[in-house]
Structure formats: structure tokens, C-alpha cells
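Subject: Structure handover

Hello,

Here is the structure for you to take over. My notes on it come after the model.

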Amino acid sequence: VQLVESGGGLVQAGDPLRLSCAASGSTFSINAMGWYRQAPGKQRELVADITSRGGITHYAASAKGRFTISRDSAKNTMYLQMKSLKPEDTAVYLCKAETGGSSWYVDYWGQGTQVTVSS
């Protein structure tokens, strides 16, 4: 599975931004996908994730009410719609795909896209 993120950039506080993560390869094996972020000097943290079956979503507390994760199965693409961005949202945003079966699993990561929010 290959993952390519896009949509990052420099925005002002309060602005919206939409990130995309395009998946290719063995996408049929993806059980769930998620957005993570990593700010300089901080650990990588989950922002939101979504299951392939049922589209069940889960959000970190910092993302609830401001971010919306979604997916377009036909395009093998996941999105993160962000609104009311804050300077503390500044980070590299990475896409992860969780694949596996009954006895194995492998996680795949994209290269990330930089989001910078100025005050």
C-alpha cells in the first residue's frame, strides 16, 4: 500500500484546510485509516481515524468539533477537513493505513504534509 498526502500549507488562525490521503496498491487489505500529526519536539499523536467497513470514526479530544475525517472508497482517498485552525495545530500531518487479516497486520505510512497555522 502506498499513501500520498496533500493539501497542507500555511494558513492563518481560524482558517479552514482540507487534507487528502490517496491510497494505491493493495487497498482491498486496508481495515482502517487514520490521520496523525507530529509537531517539532513532540510525539506523534492520533488526530482521527476511520474504519473501512462501516466508516466508524474516532477523534482525539483536540480534534472533536473542529475536524472531520471522511473517505471516498471509489477514489481510495481519505480526507481531513479542518476548520477553526489554531497555531497549536501546526505539525506534519501523516496518513496511516492499517492492513491485515486474522493472523497478521501491517501498518503503512505516508510521507506527511506540513500544516502551519500563523497567529
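The notes below cover the disulfide, the salt bridges, the largest pocket and two backbone angles.

Please keep in mind throughout that this is a predicted model.

Disulfide

The search of the whole structure turned up one disulfide. It joins Cys21 to Cys95, with an S to S distance of 2.0 Å. The angle about the S-S bond is -70°, which makes the link of Cys21 and Cys95 left-handed. Distant parts of the chain are linked by this pair: Cys21 sits in strand β3 (residues 17-24) and Cys95 in strand β9, 74 residues apart. Cys21 is buried, at a relative accessible area of 0%. Cys95 is also buried, and its relative accessible area is 0%.

Salt bridges

Side chains of opposite charge can pair when their charged atoms come close. In this model the count is five salt bridges.

One of them is between the side chains of Asp89 and Arg37, at 2.9 Å from N to O. Asp89 belongs to the loop between β8 and β9 (91-100) and Arg37 to strand β4, so this salt bridge ties together parts that lie 52 residues apart in sequence. Are the two partners buried or exposed? Asp89 is buried, with 1% relative accessible area, and Arg37 is buried as well, with 7%. Both residues belong to a network of salt bridges that links Arg37, Glu45, Arg66 and Asp89.

Lys96 takes part in two of the contacts I looked at. Its side chain meets that of Glu98 in a salt bridge of 3.4 Å, N to O. Lys96 also forms a salt bridge with Asp107, where the closest N and O atoms are 3.7 Å apart. This second pair links distant parts of the chain, with Asp107 in strand β10 (residues 105-109) and Lys96 in strand β9, eleven residues apart. Lys96 counts as buried at 9% relative accessibility. Its partners come out otherwise: Glu98 is partly exposed at 29%, and Asp107 is partly exposed at 36%.

Largest pocket

Rolling a probe the size of a water molecule over the atoms shows where empty space is left. The largest pocket holds about 180 Å³ of space. β4 (30-38), β7 (67-72) and β8 (77-82) are the elements that give two or more residues to its lining. The lining consists of Ala23, Thr27, Ile30, Met33, Ser52, Arg71, Asp72, Ser73, Asn76, Thr77 and Met78. Sorted by class, four of the lining residues are nonpolar, five are polar and two are charged.

Backbone angles

Which residues have a positive phi although they are not glycine? Asn76 has one of about 50°, and so does Ser84, also at about 50°. Asn76, one of the residues that line the largest pocket, lies in the loop between β7 and β8. At 32% relative accessibility, Asn76 is partly exposed. Ser84 is in the loop between β8 and β9, and at 38% relative accessibility Ser84 is partly exposed too. The loop between β8 and β9 is also where Asp89 of the salt bridge with Arg37 lies.

Regards

How values were computed
Residues numbered from 1 in each chain as written. Predicted model: local features only at pLDDT ≥ 70, side-chain atom pairs only at ≥ 80, totals over all residues. Heavy atoms only, no water. 1 Å grid on protein atoms, 1.4 Å probe; cavity = no way out; pocket = protein on both sides within 12 Å on 5 of 7 lines; lining within 4 Å. Points joined across faces, edges and corners; volume = space filled by probe spheres on them. Helix = DSSP H or I, 4+ residues; strand = E, 2+ residues; numbered from the N terminus. Nonpolar A, V, L, I, M, F, W, Y, C, P; charged D, E, K, R; others polar. Salt bridge = Lys/Arg side-chain N within 4 Å of Asp/Glu carboxyl O. Buried < 20%, exposed > 50% of the residue type's maximum accessible area, 1.4 Å probe, protein only. Disulfide = S-S within 2.5 Å.
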